[in-house]
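The following exercises concern a single protein–ligand model. Each consists of a task and a solution in steps.

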Amino acid sequence: MGAGIGGIATAVRLAVRGHHVTVFEAQESFGGKMHQLELPGGYRFDGGPSLFTLPHLVDELFELAGRNPQDYFRYQRLDPITQYFFADGTRLTAWADEEKFAAEVETKLHVPAADVLAFLQRSRQAYSATADTFLQKSLHKASTYLSPDVLKAVAATPQLGLLETMHQRHQAAFPGDARLVQLFDRFATYNGSDPYQAPATLSMIPHLEHGLGAFYPEGGIYAIAQSLVRLAEELGVEFRYQEPVLEILTAAGQVTGVRTAQDVYDFGLVISNMDVVPTYRKLLPTQPAPERTLSQPRSSSALIFYWGVAHRFSELGVHNIFFSQDYKQEFEAIFQQKTISSDPTVYVNITSGHTPNDAPAGHENWFVMVNVPHDQGQDWPALINQTRAAVLARVSKALGQDVAPLIRAEHVWDPPGIAARTSSFGGALYGSSSNNMLAAFLRHPNFSRKLEGLYFCGGSVHPGGGIPLCLLSARIVSGLIN
Ligand SMILES: Cc1cc2nc3c(=O)[nH]c(=O)nc-3n(C[C@H](O)[C@H](O)[C@H](O)COP(=O)(O)OP(=O)(O)OC[C@H]3O[C@@H](n4cnc5c(N)ncnc54)[C@H](O)[C@@H]3O)c2cc1C
């Protein structure tokens, strides 16, 4: 149940293997966090994710079904990837080519290109050393793996970087330039974590973008969900929209089906793409819940302003980052004080440069995002007002133009709104955070230890949040089902 990207991909995999699959979706359409929205005046936005890596994980689904991926879904490698605007006025372009990027860093930040290349090489090695173990398989099948002794031994492996933080590793790599440290620290936010707490293992994330590439799907990110739903429907998957599952039915330690507001259905297998916390709390209220797993700290959430902007900024690309002055304070605000810094880093995603229909001629569609804590009852209307002003001040200063009068259409999505639309606990974007060294082991497995026939996919369970990991969760679930 759930037509998020993890649920759709699982449905495709099981349908390919001959299962009869029904997807119950609470909302009127598919996509979950990966939805799209339109604003008056002719602006279209991808509602949630904007950065796309590891596209072969999407292609793989079409290939499994014997289809040519290009008949359904096309994408191109982005170059440049990101435009960075530092608080001191420095601008830096992240080119797709690592050598070109390193040369740009040397010119603009005066850090030797060789140091940047050495860091990226280390990131590549860390990715190669860990991805297979941590991302591609179920970590939870061999229970001995989770014994305290084994965990201690794993933690001590220097290559894994579990005993130092991301920030410490970046600081050691680039002691002379706080801007470059900030740039690489930012990759902690790719799974909603804090670089000052998250283990240096996550320093493999830059390799995903700089080494393996960032990609732009033709038509925007929503095209991923759209093309996969088309494939799923061709394979006979039935999507039942506006039919939330209210209860997972069980008997004698086995799932037997689901209950929705409309009916009761018998099924031998149930796969939850709903966040694992409400899956237990709401759909399995009488079953024992894995409290330690469910109580892990949440990842960050987001506050997003969708703006139709009556101007084209030639200095902006698809991904643009306007860094704050004090990154440490920003993460303390999110993870310790549970609020939003008065000077947050601002991410602006603009797709109208690549997909002209996303905005009227001469205009742009700005998806403006700030990292924020998950919802714990904060005064969101006040925080939204304060943050909107801070965002406008930062981008207007960096661009040398007052952006506020250019806004022609606006919509806001905040953590309570994310929770309401997707059932994510507290509106966290990536389930639990990766802020401690054992977080990977403490994520909920892709299967239930207590109930035969119950499986889990999507961003709140192993291997984690983000499009590629949700797609991998589908691959793992499919592998676990005989
Ligand atoms: C603002 C934002 C920015 C992001 N940026 C990026 C990015 O740049 N790159 C990236 O890779 N990732 C990004 N992510 C994360 C990424 O979008 C998610 O990890 C991924 O889309 C989650 O997919 P999922 O399979 O977990 O399902 P979700 O998208 O969480 O969808 C779950 C679905 O289940 C449905 N559902 C829930 N409960 C029930 C029920 N009881 N019955 C029936 N249906 C139910 C919901 O309605 C929903 O459709 C971002 C997310 C957000 C919100």
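**Exercise 1. The ligand shell**

Determine how the residues of the shell around the ligand divide into nonpolar, polar and charged, and identify the polar contacts and the elements involved.

*Solution.*

Step 1. In this predicted model, the shell comprises 18 nonpolar, 15 polar and 3 charged residues.

Step 2. Of the 36 residues around the ligand, those that come nearest are Gly6, Glu25, Lys33, Gly459 and Ile467.

Step 3. Next come the polar contacts. A polar side-chain atom of glutamate 25 is placed 2.6 Å from a ligand oxygen atom. For asparagine 273, a side-chain N or O atom lies 2.8 Å from an oxygen atom of the ligand. Glycine 466 instead uses a backbone N or O atom, 2.8 Å from an oxygen atom of the ligand.

Step 4. The ligand taken alone exposes 1000 Å², and 95% of that is buried by the protein.

Step 5. Two or more residues of the shell come from each of helix H1 (5-16), helix H14 (415-422) and helix H16 (467-480). H16 gives the most, with 3 residues.

**Exercise 2. A covered strand**

Establish whether strand S15 (residues 346-350) is mostly covered or exposed, and describe its pairing on the basis of its bridges.

*Solution.*

Step 1. With under 20% relative accessible area as the criterion for burial, 5 of the 5 residues of S15 are buried.

Step 2. In a regular strand, side chains alternate between the two faces of the sheet. In S15, Val346, Val348 and Ile350 point one way, whereas Tyr347 and Asn349 point the other way, and all are buried.

Step 3. Strand S14 (residues 319-322) pairs with S15 in the antiparallel sense over 4 bridges; here phenylalanine 322 stands opposite valine 346.

Step 4. S15 also pairs with strand S16 (residues 364-372), again antiparallel and over 4 bridges. Isoleucine 350 of S15 faces tryptophan 366 in S16.

**Exercise 3. A sheet of 3 strands**

Give the strand order of the open sheet that contains S9, S10 and S11, and name its edge strands.

*Solution.*

Step 1. The order is S9-S10-S11, with antiparallel pairing.

Step 2. Strand S9 (245-251) and strand S11 (264-266) each pair on one side only and are therefore the edge strands.

Step 3. Neighbouring strands of this sheet are turned by 30 degrees against each other on average, direction ignored.

Step 4. Strand S10 (residues 254-260) is joined to S11 by 3 bridges, and valine 258 has tyrosine 265 in S11 as its bridge partner.

**Exercise 4. Backbone exceptions**

Locate the cis peptide bonds from aspartate 79 and histidine 462, and the positive phi values of glutamine 242 and serine 423.

*Solution.*

Step 1. Most residues other than glycine have a negative phi, and most peptide bonds are trans.

Step 2. The bond from aspartate 79 to proline 80 is cis, with omega near 0 degrees; proline 80 belongs to the loop between strand S4 (75-77) and strand S5 (82-85).

Step 3. The bond from histidine 462 to proline 463 is also cis, with omega near 0 degrees. Proline 463 sits in the loop between strand S18 (454-456) and H16.

Step 4. Glutamine 242 has a positive phi of about 50 degrees and lies in the loop between strand S8 (238-240) and S9. This glutamine 242 is exposed, at a relative accessible area of 53%.

Step 5. Serine 423 has a phi near 70 degrees and is placed in the loop between H14 and helix H15 (439-442). Its relative accessible area of 30% makes serine 423 partly exposed.

Methods
Residues numbered from 1 in each chain as written. Predicted model: local features only at pLDDT ≥ 70, side-chain atom pairs only at ≥ 80, totals over all residues. Heavy atoms only, no water. Near = heavy atom within 4 Å. Polar contact = N/O pair within 3.5 Å; in protein donor to acceptor, adjacent residues only side chain to side chain. Areas by Shrake-Rupley, 256 points an atom, 1.4 Å probe, with all protein chains shown as cover. Nonpolar A, V, L, I, M, F, W, Y, C, P; charged D, E, K, R; others polar. Pairing = 2+ DSSP bridges. Axes fitted to C-alpha atoms, helices over the stretch in contact; angles between N-to-C directions. Buried < 20%, exposed > 50% of the residue type's maximum accessible area, 1.4 Å probe, protein only.
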